[in-house]
Amino acid sequence: MYASIYIPDFSLQAVVRSEPDLRSRAAAIVDGAPPSCRVAAMNSQARRAGVRPGMTKLDASQVPSLAIRHRSRAQEAAAHAALLDLGLSVSPRVEDTAIDTLALDLTGLEQLFGSPEKIARRLAERASELGLRAQVAVASNPDAAIHAARGFRGITLIPAGEEAERLGSLPVDALAPAREILETLDRWGVRTFKALAALPTLQLSERLGQEGVRLQNLARGRTHRSLAPCEAPLNFEEVMELEYPVALLEPLAFILGRLLDQLCARLEARSLATHEVRLRLDLEAGVEAETGAGVRTESRILNPESCPESRAPSPEPRTLRLPVPTRDAKLLLKLWLLHLKSDPPPAPIIKVALAAEPAQPRVAQGGLFSPFSPDPEKLEVTLARIAGVVGKGKVGTPELVDTHRPDAFRMGRFTSGVGGRGSGLGVSKIEDYRFKIADWEQSAIGNQQSSIANRQSSRIPNPGPQTPNPESRAPNPESRAPNPDGVPRTPTPGSRPLMALRVFRPPLPATVEVRDGRPVRVFSSSGARGEVVSATGPWRTSGEWWTEDGWQQDEWDVELKKGPGIGGQGTGGTTSGIENCRLKIPDWKLKIYQDLGSGRWFIRGIYD
């Protein structure tokens, strides 16, 4: 058995998919360039109102309450892709007969979906879910099923051997014969399948040749051929071209919701999900420069800044990446609305296109004794809301950058560790981390004991305090002297303690007085201020000079003598973070640096 799916008024239904309200109204599609736009398709309400194919747009606009839309090739391509998804959701052998017609091989599908009647109803229901009103027919050969689907509304079932009788009432022009043959048949008075099937085959062959015999076999429903299966690409994209520019977020949300519903329905039909959705917005040119208008929420403009004088359709799509595959349209809509609120388009929108990257759905197996990590979908919405408050690019996980720039990092995407299967960071992973920490602690203790033993056996004298040499480029021995045995220095009864550097992120701005190329006084609103009693440096670091973001810094290790009012004394009881580090130490030991590009000074950290 074979089935056929036909979408009547295809160009109209391609537009109605995105505007379901047009189903209850008289609607027509016009095609062509102005002023020669003519009606190409219309629904039954428009036909009853007097709209006919070929009418000009001006004449059609005189019909009361008629909705006129321009033909959209992009929306027709999306509707055809949805039609292919519909066919492939039931049968692996699908023939792409025409842009509005498919033929399916139902051999062996009864055990999966039931009788041919149930399969036909299933196809009609799924077509409705995809926003298409389909006519479905089932017959013993593909050509009979195709003609029945194109000629009869609803669902048609033709038992084997009854093809000629059931197809007899269809007009001859449904066979799409050549114009000369159609005129000949009309002169003979042959206007239906039944009349053509009743003609003698020999005389028909003498007058119309083999083409006439082929048409008669089609009218009798006796053709036998194999399907030409198509390989449908996994291309999930929905497009909507707007009649008028959209400048408010509320109507844009309605449009996005409709497109996302269609995308998720297509993904579900192919048993797939998506982990990446791309949004492309084509903007109205020239409007933003004149009015400064962008996408607004009610009467509030979200981006009042003016833009360039004209703007082409947005070439760079916005991308929404998800931690786990999903096909939840409501979740995707929430994420896109939060994204658009934080980064609104700079001009009214005239076209919206959504594309989804297909992926296998997530399969999660929870453990009986393993704690679950946060729900990835809810976590993604929460992160999007936080990003809308603090700003784009300020929420995520810090990641190191491949550079020598001090404290350089970037904000990476935060994920909860949920993979395709599993329940996230459970007890096993936490215990792995604890084991790693325990191993590290044991290794550190062993290195410390080995260092003490080596020091006591070699009796290496402890270097005493040294006076900083202004000409020296070496670090202060007090904090930078290497250990002769090559291991980290460990406090011993006769040695001076190691000094730890507390790094401030971000570095603290400071004002530094320089005399003869050396800092002599440091002042910072963070609490570090005083005369420099010793300074070591500078140590120059630079990098990325071949880019616009090159950097060059001079570092100094300085020791300050705190003056009155420092460290919480005489400051009204207010202490800063840097003061809290050193309240009990009379002198400051700081690492400062000067950004040679801007000439500004900063405090990188404090030695403890």
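Student: Which helix does Val389 lie in?
Tutor: Val389 is in helix α15, residues 376–390. Keep in mind that this is a predicted model.

Student: Is Val389 buried or exposed?
Tutor: Val389 is exposed, at a relative accessible area of 72%.

Student: What patch is Val389 part of?
Tutor: A nonpolar surface patch of about 270 Å². Ile386 and Val390 make the patch along with Val389.

Student: What usually happens to nonpolar side chains?
Tutor: In soluble globular proteins, they tend to be buried together.

Student: OK, the inside then. How many residues are in the largest nonpolar core?
Tutor: It has 34 residues. Leu252, Leu256, Leu279, Trp336, Val352 and Leu354 touch the most other members.

Student: Which elements each supply at least two residues of this core?
Tutor: Three helices, namely α12 (249–269), α14 (329–342) and α15, and the strands β9 (236–246), β10 (273–283), β13 (318–326) and β14 (349–359). The largest share, 9 residues, comes from α12.

Student: What does Leu256 touch?
Tutor: Leu279, Leu333, Trp336, Leu340, Val352 and Leu354. That leaves out residues up to four places away in sequence.

Student: How many residues are in the second core?
Tutor: That separate core has 27 residues. Among them are Ala14, Ile119, Val138 and Cys230.

Student: New topic. How many salt bridges are there?
Tutor: The count comes to 35.

Student: Which residue pairs with Arg71?
Tutor: Glu76 does, with N to O at 2.7 Å. Glu76 is buried, at 5% relative accessible area. Arg71 is partly exposed, at 30%.

Student: What about Arg179, which residue does it bridge to?
Tutor: Glu183, where the closest N and O atoms are 3.4 Å apart. Both residues lie in helix α9, residues 179–188. They are 4 residues apart, about one turn of the helix.

Student: Are Arg179 and Glu183 buried or exposed?
Tutor: Arg179 is exposed, with 66% relative accessible area. Glu183 is partly exposed, with 38%.

Student: And where do Arg214 and Glu211 sit?
Tutor: In helix α11, residues 201–220. They are 3 residues apart, so about one helical turn separates them. Their side chains meet in a salt bridge at 2.6 Å, N to O. Arg214 is partly exposed at 39% relative accessible area, and Glu211 is partly exposed at 32%.

Student: Last one. Which residues are linked in a network of salt bridges?
Tutor: Arg17, Asp85, Glu238, Arg266 and Arg270.

Terms used: Residues are numbered from 1 along each chain as its sequence is written. This is a predicted model: local features need pLDDT of at least 70, side-chain atom pairs count only at pLDDT 80 or more; totals for chains, interfaces and linings use all residues. Side-chain values use heavy atoms; hydrogens and water are left out. Patches are made of residues with over 30% relative accessible area and no salt bridge: like charges are joined within 9 Å, nonpolar side chains (Val, Leu, Ile, Met, Phe, Trp, Tyr) within 5 Å. Accessible areas come from the Shrake-Rupley method with a 1.4 Å probe; for residues, only the protein chains shown count as cover. A salt bridge is a side-chain nitrogen of Lys or Arg within 4 Å of a carboxyl oxygen of Asp or Glu. Buried means under 20% relative accessible area, exposed over 50%, partly exposed in between (1.4 Å probe, protein chains only). A nonpolar core is a set of buried Ala, Val, Leu, Ile, Met, Phe, Trp, Tyr and Cys residues joined through side-chain atoms within 4.5 Å. Contact means heavy atoms within 4.5 Å.
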